[in-house]
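Please open the model in your viewer and keep the sequence beside it, so that each selection can be followed in both.

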Amino acid sequence: GDTIRRFHDAGVWHADLNAHNVLRDEAGAFWLLDFDRGWLAPPRERWRRANLARLERSLRKVGLRAALAEPERDALAPLRDGFAGARR
């Protein structure tokens, strides 16, 4: 979430933000891939929310189903918390 928020704050929009375009390395750093249709623009709350929602849908599809099925646990909370708390 923090990485995505920093990109958004810089005006970087990822046209295909999905689970397959986010990698985490052995050191725990996150990398966003596949910017061939991305663009730079003044940050707008509407596209930022849509971009994050797209990633959440993708994460649900590719493997968080079991974790998301636990009502007492919000498996996407770290993503949302990182996005909400990121500072430049």
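The tour below goes from helix 1 to the salt bridges, then to backbone angles and a pocket.

This is a predicted model, in which local features need pLDDT of at least 70 and side-chain atom pairs count only at pLDDT 80 or more, while totals for chains, interfaces and linings use all residues. Residues are numbered from 1 along each chain as its sequence is written, and side-chain values use heavy atoms, with hydrogens and water left out.

**Stop 1: helix 1**

Select residues 2–9, which form helix 1; helices (H or I, at least four residues) and strands (E, at least two) are DSSP runs, numbered from the N terminus. Within helix 1, T3, I4, R5 and H8 are buried, where buried means under 20% relative accessible area, exposed over 50%, and partly exposed in between, with a 1.4 Å probe and protein chains only. Now display strand 1, strand 3 (30–32), helix 2 and helix 4 as well, since the buried residues of helix 1 pack against them, contact meaning heavy atoms within 4.5 Å.

**Stop 2: the salt bridges**

How many salt bridges does the structure hold? There are seven, each being a side-chain nitrogen of Lys or Arg within 4 Å of a carboxyl oxygen of Asp or Glu.

Begin with R48 and D9, whose side chains meet in a salt bridge at 3.0 Å, N to O. R48 belongs to helix 2 (residues 45–62) and D9 to helix 1, so this pair links distant parts of the chain, 39 residues apart. R48 is buried, at a relative accessible area of 7%, whereas D9, at 23%, is partly exposed.

Next select D16 and R54, which form a salt bridge of 2.4 Å, N to O. Because D16 lies in the loop between strand 1 (12–13) and strand 2 (22–24) and R54 lies in helix 2, the pair ties together parts that are 38 residues apart in sequence. Both partners are partly exposed, D16 with a relative accessibility of 22% and R54 with 32%.

Then move to R80 and E56, where the closest N and O atoms of the salt bridge are 3.1 Å apart. This pair also links distant parts of the chain, with R80 in helix 4 (residues 77–85) and E56 in helix 2, 24 residues apart. Here R80 is partly exposed at 28%, and E56 is buried at 13%. To finish this stop, select R5, D9, E45, R48 and R49 together, which salt bridges with shared partners join into one network.

**Stop 3: two backbone angles**

Go to G11, just after helix 1, which takes a positive phi of about 85°. Most residues other than glycine have a negative phi. With that in mind, select D34, a residue other than glycine whose phi is positive, near 70°. D34 is found in the loop between strand 3 and strand 4 (39–40), and it is partly exposed, with a relative accessible area of 36%.

**Stop 4: the largest pocket**

Which residues lie nearest the centre of the largest pocket? Select G1, V22, F30, L55 and L79, which do so among the 13 residues of its lining. The elements that give two or more residues to this lining are helix 1, strand 2, strand 3 and helix 2. On a 1 Å grid over the protein atoms alone, a pocket is an open set of points where a 1.4 Å probe fits, with protein on both sides within 12 Å along at least five of seven lines, and lining residues have an atom within 4 Å of a point.
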